[in-house]
Amino acid sequence: MHEQARQGLRPPGRRQGTRRRTLQAVAAMAIGVMTLAALTQPASASAASTGQTDPVQQSLNALVRDDGMPAALASVKNHDGRTRTYTAGLGDLATHAPVPVDGQVRIGSNTKTFVAVVVLQLVGEGKIALDADIDTYLPGLVRGKGIDGRRITVRQLLQQTSGLPNYTNYLGDDVRYYTPRELLATALRHPADFDPGEKWAYSNTNYIVAGLIVQKITGRPLAKEIDRRIIKRVGLRHTYFPAPGDASIREPHPHGYYRESADGPLRDITEIDPSWGWAAGQLISTDSDLNRFFGALLAGRLLPPAQLAQMRSTVPAEATFGPGARYGLGLVSRPLPCGGLSWGHGGSFPGYETRSGATDDGRAASVAVTMQLTDEASRRNLERAVDTALCR
């Protein structure tokens with residue numbers, strides 16, 4: 001997810017052309033090249049009510065107009081608790097339907113923060129030790145060329161310093177249901193990227209292993225633990241972990257799109273089996289729910305102080321997350337142009353790209369677009385939209 005989807009989960013094909021035949025089959029409806037006027041029509045009363053001079057609305061308009069996103073949507077919470085929602089573009093290019101206000105999207109690697117919270121809750125309960133090795137919980141499971149679970153700690157999984165190869169670099173052409181063990185086996189057919197703790201490098205495999213540890217310790221499916229420990233606890237009414245084989249999105253949502261090449265047609269890829277993301281990127285949510293989640297996390301409503309402090313203990317991650325960025329345990333800090341830090345993550349999944357950030361004084365902002373970003377300039381523009389919302 002480092003080349004094409006810098007802050008999210010790699011799509012079915014992180015490199016252009018990978019799994020291309022399947023995407024053509026899944027995304028059967030070619031939308032074609034829409035006119036600029038069609039793509040930049042106001043999509044909701046909430047957008048219009050803020051006025052066209054609102055800097056957040058201007059950021060979303062630019063993502064549609066200049067970066068070619070079919071739609072953009074955002075939710076912004078000020079430190080006083082007031083929330084505003086925004087939309088731009090079209091929710092369905094075939095019908096010209098408006099963007100659903102605060103619609104559901106696939107949030108990709110934001111899922112990792114949810115998984116890290118569950119692991120750290122179990123640490124606080126004395127059921128997992130951060131500096132215990134993987135074999136303590138999954139004996140003999142993680143083995144390969146230069147890979148030994150007895151030498152990799154739980155902390156290294158969560159902080160992306162394990163050296164485990166990234167399974168999403170090696171998935172085949174089939175978009176189908178994958179079990180977590182299949183995803184791990186895909187990674188273990190390849191050598192370690194480096195010795196545990198030697199450096200930092202983003203690998204989705206780390207969170208597949210973390211999810212398996214959660215299931216082993218609790219005796220319950222990861223989805224149920226996330227639902228019980230986070231979603232219900234802080235009232236995330238529009239967030240869920242899709243069931244096996246569920247390719248749909250339950251509630252009102254903008255359609256997600258895929259483009260084969262820079263000058264190719266947009267194809268609707270809204271419905272896709274998300275199991276290849278599992279603990280690394282399977283969740284569906286809304287911008288407002290992401291704000292509630294990250295706000296609750298920073299406010300100490302999900303973790304004891306000791307575990308939250310561990311989560312916020314960071315290492316440099318600029319190569320993947322941009323200038324000044326640092327990676328904690330499933331949590332990213334980024335410097336804000338107006339001073340201070342935002343804490344959040346990001347997510348990339350076929351059809352969708354999201355960025356979220358929250359601050360210690362109660363501000364939170366999440367922005368989503370309905371096409372996975374493949375170039376650095378567009379990613380920066382999406383990140384700047386979040387910064388603009390947090391600094392306004």
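## Buried residues, a paired strand and the largest pocket

Gly322 is buried, with a relative accessible area of 3%. The model described here is predicted. Gly322 sits in a loop, with helix H13 (318–321) on one side and strand S11 (326–327) on the other. Its C-alpha lies 9.9 Å from that of Pro335, a residue 13 places away in sequence.

Thr205 belongs to helix H8, which covers residues 205–218. With a relative accessibility of 0%, Thr205 is counted as buried, because the limit for that class is under 20%. Which residues does Thr205 contact, apart from neighbours within four places in sequence? They are Leu164, Pro165, Asn166, Tyr167, Leu184 and Ala187.

Strand S14 runs over residues 352–358, and seven of its seven residues are buried, so the strand is largely enclosed by the rest of the structure. Both of its faces are covered. On one side the buried residues are Tyr352, Thr354, Ser356 and Ala358, and on the other they are Glu353, Arg355 and Gly357.

S14 pairs with strand S13 (residues 341–349) and with strand S15 (residues 364–369). The table sets out the two pairings.

| Pair | Sense | Bridges | Citation |
|---|---|---|---|
| S13 and S14 | antiparallel | seven bridges | S13 is residues 341–349 |
| S14 and S15 | antiparallel | six bridges | S15 is residues 364–369 |

Individual bridges can be named in both pairings. Gly344 has Gly357 of S14 as its bridge partner, and Ala358 is partnered by Ala364 in S15.

Both pairings are also hairpins. Two residues separate the strands in the hairpin of S13 and S14, where Gly351 takes a positive phi near 100 degrees. Five residues lie between S14 and S15, and Gly362 in that turn has a positive phi of about 100 degrees.

The last feature is the largest pocket, which has a volume of about 340 Å³. Its lining is made up of 19 residues, and those nearest the pocket centre are Lys77, Thr83, Ser288, Asn291 and Arg292. Which element supplies the largest share of this lining? Helix H11 does, with seven residues. H11 spans 287–298, and both this helix and strand S2 (71–77) give at least two residues to the lining. By class, the lining of the largest pocket has nine polar, seven charged and three nonpolar residues.

Conventions. Residues numbered from 1 in each chain as written. Predicted model: local features only at pLDDT ≥ 70, side-chain atom pairs only at ≥ 80, totals over all residues. Heavy atoms only, no water. 1 Å grid on protein atoms, 1.4 Å probe; cavity = no way out; pocket = protein on both sides within 12 Å on 5 of 7 lines; lining within 4 Å. Points joined across faces, edges and corners; volume = space filled by probe spheres on them. Helix = DSSP H or I, 4+ residues; strand = E, 2+ residues; numbered from the N terminus. Nonpolar A, V, L, I, M, F, W, Y, C, P; charged D, E, K, R; others polar. Buried < 20%, exposed > 50% of the residue type's maximum accessible area, 1.4 Å probe, protein only. Contact = heavy atoms within 4.5 Å. Pairing = 2+ DSSP bridges.
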